[in-house]
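Trainee: Could you take me through one part of this structure closely? I would like to start from the largest pocket and then follow the elements around it into the interior.

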Amino acid sequence: MFWTSKDIDEFLTQKEFIDTALVPLVILEGKDLGIKQSASGAEFLMSLTNFIEQQFKGRIVLTSPITYTASMSKEDIITAIYDELVTAGFKYIFFITSDHEWNRFTTNYDMIWLPSIPLGDMDEKVKQSVLSDQLRQVIPVLSSKWSKQ
């Protein structure tokens, strides 16, 4: 499910089944050295989270990506987003990113970090294979939390 009015209507009536929010954290860099890497990382993360959503449709709501810059307070961002999603009624909230700096928040939040893989010029079959490999790394993280109900 996606962060759309139609899907959120369904979430509101099915909270006992649709209990998980997946929040992509995407850095935006404007400097010449970082802009291409930033765009490539965003492309990877959005492709992967869309793939995860397809696999867990009916259990996960994929939120809009949270875009931030290096100068923004990561603590303020993650706390505010987490609090809003708890208020909305999500039982499980996972943040997913390719920015290793978010790893310092793993003590208090469920953070999934995966290195960014440039997908831009890949053949579609190769891209699907890469995303499947990444999904296999994410499934145990999700399953571990869900099994602790």
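**The largest pocket and its surroundings**

Mentor: In this predicted model, the largest pocket is lined by 18 residues, and those that lie nearest its centre are Ile 27, Glu 29, Gln 37, Ser 98 and Asp 99. Two elements give two or more residues each to this lining, namely strand S1, which runs over residues 20-27, and helix H2, which spans 32-55. Of the elements involved, H2 gives the most to the lining, with five residues. The pocket has a volume of about 350 Å³, and the residues of its lining divide into seven nonpolar, seven polar and four charged.

Between S1 and H2 there is a loop, and Gly 30 is found in it. With a relative accessibility of 59%, Gly 30 counts as exposed, because the cut-off for that class is over 50%. Gly 30 and Gln 137 are 107 residues apart in sequence, and their C-alpha atoms are 30 Å apart in space.

Strand S1 also holds Thr 20, and here the picture is the reverse of an exposed site, because a relative accessibility of 0% makes Thr 20 count as buried. Leaving aside neighbours within four places in sequence, Thr 20 is in contact with Arg 59, Ile 60 and Val 61, with Phe 90, Tyr 92 and Phe 94, and with Trp 146. Thr 20 and Phe 56, although 36 residues apart in sequence, are 9.8 Å apart in space from C-alpha to C-alpha.

From S1 and H2 we can move on to the nonpolar interior. The largest nonpolar core has 22 residues, and within it Ile 52, Ile 96 and Leu 142 have the most contacts. The elements that give two or more residues to this core are S1, H2, S2, strand S4 (92-97) and helix H4 (124-146), so S1 and H2, which also contribute to the pocket lining, appear again here. The most is given by H4, with six residues. Ile 96, when residues up to four places away in sequence are not counted, touches Leu 22, Val 23, Pro 24 and Leu 25, then Leu 45, Leu 48, Thr 49 and Ile 52, and finally Ile 112 and Leu 114. A second, separate core has 21 residues, including Ile 18, Tyr 68, Leu 85 and Met 111.

Helix H4 deserves one further look, since Gln 134 is found in it. Gln 134 has 8% relative accessibility and therefore counts as buried, the cut-off being under 20%. Again not counting residues up to four places away in sequence, Gln 134 touches Phe 44, Leu 48, Leu 114 and Ile 117; two of these contacts, Leu 48 and Leu 114, are also listed among those that Ile 96 touches.

Finally, helix H1, residues 5-13, has as its buried residues Asp 7, Ile 8 and Phe 11. They lie on the same side of H1, because they cover an arc of only 100 degrees around the axis. The exposed residues Ser 5, Lys 6 and Thr 13 are carried on the face of H1 turned away from that buried side. The buried residues of H1 pack against strand S2 (60-62) and helix H3 (74-88), and S2 is one of the elements that give two or more residues to the largest nonpolar core.

Key: Residues are numbered from 1 along each chain as its sequence is written. This is a predicted model: local features need pLDDT of at least 70, side-chain atom pairs count only at pLDDT 80 or more; totals for chains, interfaces and linings use all residues. Side-chain values use heavy atoms; hydrogens and water are left out. On a 1 Å grid over the protein atoms alone, a cavity is a set of points where a 1.4 Å probe fits but cannot get out, and a pocket is an open set with protein on both sides within 12 Å along at least five of seven lines; lining residues have an atom within 4 Å of a point. Grid points are joined across faces, edges and corners, and a volume is the space filled by probe spheres set on the points. Helices (H or I, at least four residues) and strands (E, at least two) are DSSP runs, numbered from the N terminus. Ala, Val, Leu, Ile, Met, Phe, Trp, Tyr, Cys and Pro count as nonpolar, Asp, Glu, Lys and Arg as charged, and the others, Gly among them, as polar. Buried means under 20% relative accessible area, exposed over 50%, partly exposed in between (1.4 Å probe, protein chains only). The arc is that of the directions from the helix axis to the C-beta atoms. Contact means heavy atoms within 4.5 Å. A nonpolar core is a set of buried Ala, Val, Leu, Ile, Met, Phe, Trp, Tyr and Cys residues joined through side-chain atoms within 4.5 Å.
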